[in-house]
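Here's a quick briefing to read with the model open beside you. It goes through a metal site, one helix and a few ring contacts.

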Amino acid sequence: VTLHRFPGIADLGCGALTRLADHLGSLGASRPLIVTDEGVRRAGIVAKVEAALGAAGFAYAVFDRVRPNPGAADVDRAFDTYREEACDGLVGVGGGSVLDTAKLVRVLDAHGGNILDYRSAAGGWGKIGSNLPPMVALPTTAGTGSEVTLGAVLTDADRNAKIWIGSPGLFPNVALVDPELTVGSPPRLTASAGVDVLVHGVEAYAETSDAPFADLLARDAIELTVRNLPLACQAPGELRPREAMSRAALEAGLAFGWKGLGAAHALGHQVTTEAGVPHGFAVAMLLPNVMHFNLPVSRERYAELAPALGADSGEGDGAEAAIRAVERLNATLEVPARLSDVGIGEAQLAGMVARALEDGTLPTNPRPCSEDDLMAIYREAL
Ligand SMILES: [Fe+2]
C-alpha cells in the first residue's frame, strides 16, 4: 500500500470560520497576513474573515492583489507585505491561486531566494523544510483541493508554462472549510471550480499505485460532484449542494495528493496558459479524450467508476459508459467542447505538446504518453 501523507487538521462544516482565531492561537500565530484577491474581497468574504479575527482581538494585515494564474511576482509582492507588516502566519482566503500563493510566501519567509528555484524540476522538494510559518487555508470555491495538498502551481510567464512546487512542509496546518463561504458564488465560477473535482477524482482513481484509502475518497468525491454540482450551479443560494461540493473538493484533494493526476491535467494546463480557459474547464474538456486514450490500461478502473459517474447500467460496457457520463456532465455544465471553441488552432499544438511533456502531472498518467500520443489527443479535441 502506498504511503499516505496526511496533512494537518481538516475542520469542515458550516460555521468553521468562527474557529479561525482558535486555530491561529493553537498554531502560535498572533499577527497573520490574510492573502486573497479582489474578487473574494468584492464578494464580502474578506470582511467576514476580518470580523472573525477582530472579534478575537487579533491584529492582522491584508494582501488582496493575487492575480488569476499567479506567477513569481505575485508571491514576491505578498511576501513584501508579509515582511513589512511583521506577520507571523498566513491565512489564505480564496481559490487555488490564492491558497497556492499563500503557501509559497511561507517558503520565502523560511528559506529566502527566488521562488522559481524551488520548483520540483529543480529539486525543490528537498530544499523546503518542515519549519515554515503556520498557515490556515480557507477555500472560497469548491474545487482545487489546495487546502489539503502539499503542492502549489505557479505560472512561469517566460516559458508560458505551469510549474509545480511541492514538499510535505507546504501542507497548510489547518484546512478550514466553511461551505457557507461558497454560497452565492456565480454559476460559471461554481462550474469551473467544481468540475475540477471530478477530474481529480477520475485521474487519481485511474492512477495505478495501490492506495485504497485514496480510491475510496476519489470515488465518493466523484459521486458527490455528479449529484450536486449541477444543483449548485442552478441554485447558487442553496446550502446543501455547497456542503457536498466542499466535502468533495477536500476528498478529491486528498486522493490526488496521495496518488497524483494524469494527462488531462498535463494537457489542460497548456489550454489555460495558451487561451486563458479557467483551470477546471481546461482539464474537463480533455478528460473524455484522455479516458479514450487510457482505455487499454484503465478499462477496469473506469468501469468501476461508471455508477459513481451516473452511468446507466443498461448503457453497455462500463468503461465506455463512464466516458459518455463524463461527456454528459460536461455538456450539462456547458464546459467548452472543443479546443477550436476556445480559439486554439493546429499551429499552437506543437508548442503545447512540448510543454505538456514536461508537466509534472504527466508521469502518473496510467498509460505512458509519447509526444505523438499527446499530439493525437489534442488533434482529436480540436
Ligand atoms: Fe485540477
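Asp 196 counts as buried because its relative accessibility is 2%, under the 20% cut-off. His 200 also comes in at 2% and so counts as buried too. Keep in mind that this is a predicted model. Both residues are donors to the iron ion, so that's a handy place to begin.

**The iron site**

- Asp 196 and His 200 both belong to helix H7, which covers residues 187-206.
- They're four residues apart there, or about one turn of the helix.
- In an α-helix, residues three or four places apart point the same way, because there are 3.6 residues to a turn.
- The iron ion is coordinated by Asp 196, listed twice through OD, and by NE2 of His 200, His 265 and His 279.
- Those coordination distances run from 2.2 to 2.8 Å.
- Along the sequence, the donor residues follow the spacing D-x3-H-x64-H-x13-H.

**Helix H4**

- Helix H4 takes in residues 72-84, 13 residues in total.
- From first C-alpha to last, H4 reaches 18 Å, close to the 18 Å expected at 1.5 Å a residue.
- Its buried residues are Ala 72, Asp 74, Val 75, Ala 78, Phe 79, Thr 81 and Tyr 82.
- What do the buried residues of H4 pack against? Their partners are four strands and a helix: E2 (32-35), E3 (61-63), E4 (89-94) and E6 (151-156), plus helix H5 (96-111).
- After H4 comes Ala 86, which has a positive phi, near 50°.

**The aromatic pair**

- Search the whole structure and you get one aromatic pair.
- That pair is Phe 79 with Tyr 82, and it's stacked: the centres are 6.3 Å apart, with 25° between the planes.
- The planes count as stacked because 25° falls under the 30 degrees cut-off.
- Both rings come from helix H4, where Phe 79 and Tyr 82 are three residues apart, about one turn of the helix.
- Phe 79 has a relative accessible area of 10%, so it's buried.
- Tyr 82 sits at 3% relative accessibility, which means it counts as buried as well.

**Charges over rings**

- Which ring does the charged end of Arg 301 sit over? It's the ring of Tyr 205, with the charged end 3.9 Å from the ring's centre.
- Arg 367 has its charged end over the ring of Phe 293, 4.1 Å from the centre.

Conventions:
Residues numbered from 1 in each chain as written. Predicted model: local features only at pLDDT ≥ 70, side-chain atom pairs only at ≥ 80, totals over all residues. Heavy atoms only, no water. Helix = DSSP H or I, 4+ residues; strand = E, 2+ residues; numbered from the N terminus. Expected span 1.5 Å × (residues − 1). Buried < 20%, exposed > 50% of the residue type's maximum accessible area, 1.4 Å probe, protein only. Contact = heavy atoms within 4.5 Å. Donors = N, O, S within 2.8 Å, 3.2 Å for Na, K, Ca; no water. Phe/Tyr/Trp six-rings, centres within 6.5 Å; stacked < 30°, edge-to-face > 60°. Lys NZ or Arg CZ within 6 Å of the ring centre and 35° of its normal.
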